[in-house]
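The following exercises are to be worked with the sequence and the structure in view. Each task is followed by a solution in steps.

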Amino acid sequence: MSQDEFATYIAQKIRTLHSQSRAPQFIALNGRDCAGKSTLAKDVHQQLSRLGLSATLLSIDAFLIPRHLRTPSTPEHIDYFENAFDYTALVQALETIKNRASSVDPNSYDIVLVEGVFLLREELYHWWDLTVWVEADTAMIMDRAIKRDKKYFGDEHTVRRVYENRCLPAQNYHIQRDLPKQNADITATFENGTWRVTTTFFSDGEYAAQK
């Protein structure tokens with residue numbers, strides 16, 4: 001699938017869920033750092049709008065805890081996985097949206113897209129009505145990281161060190177700990193300019209919840 005086709009595909013699956021429930025749907029777009037989550041989430045949001053569905057888009061990066069406020073006592077990659085994001089604040093934000101929709105306006109925020117790393121961790125999994133795991137190979141991730149993050153870390157060498165010592169090992173830890181690839185409703189790998197997709201959706205009207 002092309003990027004546009006994949007975004008449309010996800011949006012259509014969200015529409016299927018939405019047609020089956022009046023409650024808000026919470027959608028997780030998870031994957032490795034620099035795997036393409038943010039761009040995909042924006043494209044899905046746009047496709048939902050084209051389908052006439054209202055949605056709000058959240059990023060885990062909005063809940064990032066600056067490193068100078070953390071006092072790591074674990075290896076760098078474990079600290080990144082456990083302490084880099086305020087998961088309590090994320091849950092509070094989701095609860096606020098859910099409560100507002102149920103008590104004030106049942107049609108407000110009826111779809112919530114959340115994109116970012118580590119969203120399919122065991123402690124958060126019960127929140128998601130639909131989960132997407134996106135994958136890209138290490139070489140592509142590193143190339144994207146250098147282009148995107150050099151302005152933050154100062155030079156290519158530092159970016160490589162951060163990803164080799166922190167980001168990539170943390171993702172491997174997440175994959176081994178939480179099995180996001182196996183548990184996701186939709187998994188996709190970006191290779192040769194297209195998305196290769198597998199899913200637990202068998203048809204637009206039939207959803208296999210294999211969790």
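Leu 179 lies in the loop that links H6 to helix H7 (180-183). The model under study is a predicted one.

**Exercise 1. Two residues with positive phi**

Task: Determine whether Leu 179 is buried, partly exposed or exposed, and carry out the same assignment for Phe 118.

Solution.
Step 1. Begin with the backbone. Leu 179 has a phi near 50 degrees, a positive value in a residue other than glycine. Most residues other than glycine have a negative phi.
Step 2. Turn to accessibility. The relative accessible area of Leu 179 is 38%. Buried requires under 20% and exposed over 50%, so Leu 179 is partly exposed.
Step 3. Locate Phe 118, which is placed in the loop between strand S3 (111-116) and S4. Its phi, near 65 degrees, is likewise positive in a residue other than glycine.
Step 4. The relative accessible area of Phe 118 is 0%, and therefore Phe 118 is buried.

**Exercise 2. The crossing of H3 and H6**

Task: Classify the arrangement of helix H3 (residues 76-83) and helix H6 (residues 156-178) from their axes, and describe their contact.

Solution.
Step 1. The two axes come within 8 Å and cross at roughly 60 degrees.
Step 2. Angles from 65 to 115 degrees count as roughly perpendicular and those under 35 degrees as roughly parallel; H3 is therefore oblique to H6.
Step 3. The crossing of H3 past H6 is right-handed.
Step 4. On H3, the contact is made by Glu 76, His 77, Ile 78, Tyr 80, Phe 81 and Glu 82. The residues of H6 that take part include Arg 161, Asn 165, Cys 167, Tyr 173, His 174 and Asp 178.
Step 5. Sorted by class, the contact comprises 7 nonpolar, 3 polar and 6 charged residues.

**Exercise 3. The surroundings of Glu 135**

Task: State where Glu 135 is found, whether it is buried or exposed, and which side chains it joins in polar contacts.

Solution.
Step 1. Glu 135 belongs to strand S4 (residues 130-136).
Step 2. Its relative accessibility is 10%, so Glu 135 counts as buried.
Step 3. The side chain of Glu 135 makes a polar contact of 3.3 Å with that of Trp 133 and another of 3.2 Å with that of Lys 181.
Step 4. With neighbours within four places in sequence set aside, Glu 135 is in contact with Arg 32, Lys 181, Ala 188, Thr 189, Phe 190 and Trp 195. Lys 181 thus appears in this list and as a polar partner of Glu 135.

Key. Residues are numbered from 1 along each chain as its sequence is written. This is a predicted model: local features need pLDDT of at least 70, side-chain atom pairs count only at pLDDT 80 or more; totals for chains, interfaces and linings use all residues. Side-chain values use heavy atoms; hydrogens and water are left out. Helices (H or I, at least four residues) and strands (E, at least two) are DSSP runs, numbered from the N terminus. Buried means under 20% relative accessible area, exposed over 50%, partly exposed in between (1.4 Å probe, protein chains only). A polar contact is a pair of N or O atoms within 3.5 Å; within protein, one must be able to donate a hydrogen and the other to accept it, and residues adjacent in sequence count only if both atoms are side-chain atoms. Contact means heavy atoms within 4.5 Å. Axes are lines fitted to C-alpha atoms, for helices over the stretch in contact, and angles run from 0 to 180 degrees between N-to-C directions. Angles under 35 degrees count as roughly parallel, over 145 as roughly antiparallel, 65 to 115 as roughly perpendicular and the rest as oblique. A crossing is left-handed if the near helix is turned anticlockwise from the far one by less than a right angle, and right-handed if clockwise. Ala, Val, Leu, Ile, Met, Phe, Trp, Tyr, Cys and Pro count as nonpolar, Asp, Glu, Lys and Arg as charged, and the others, Gly among them, as polar.
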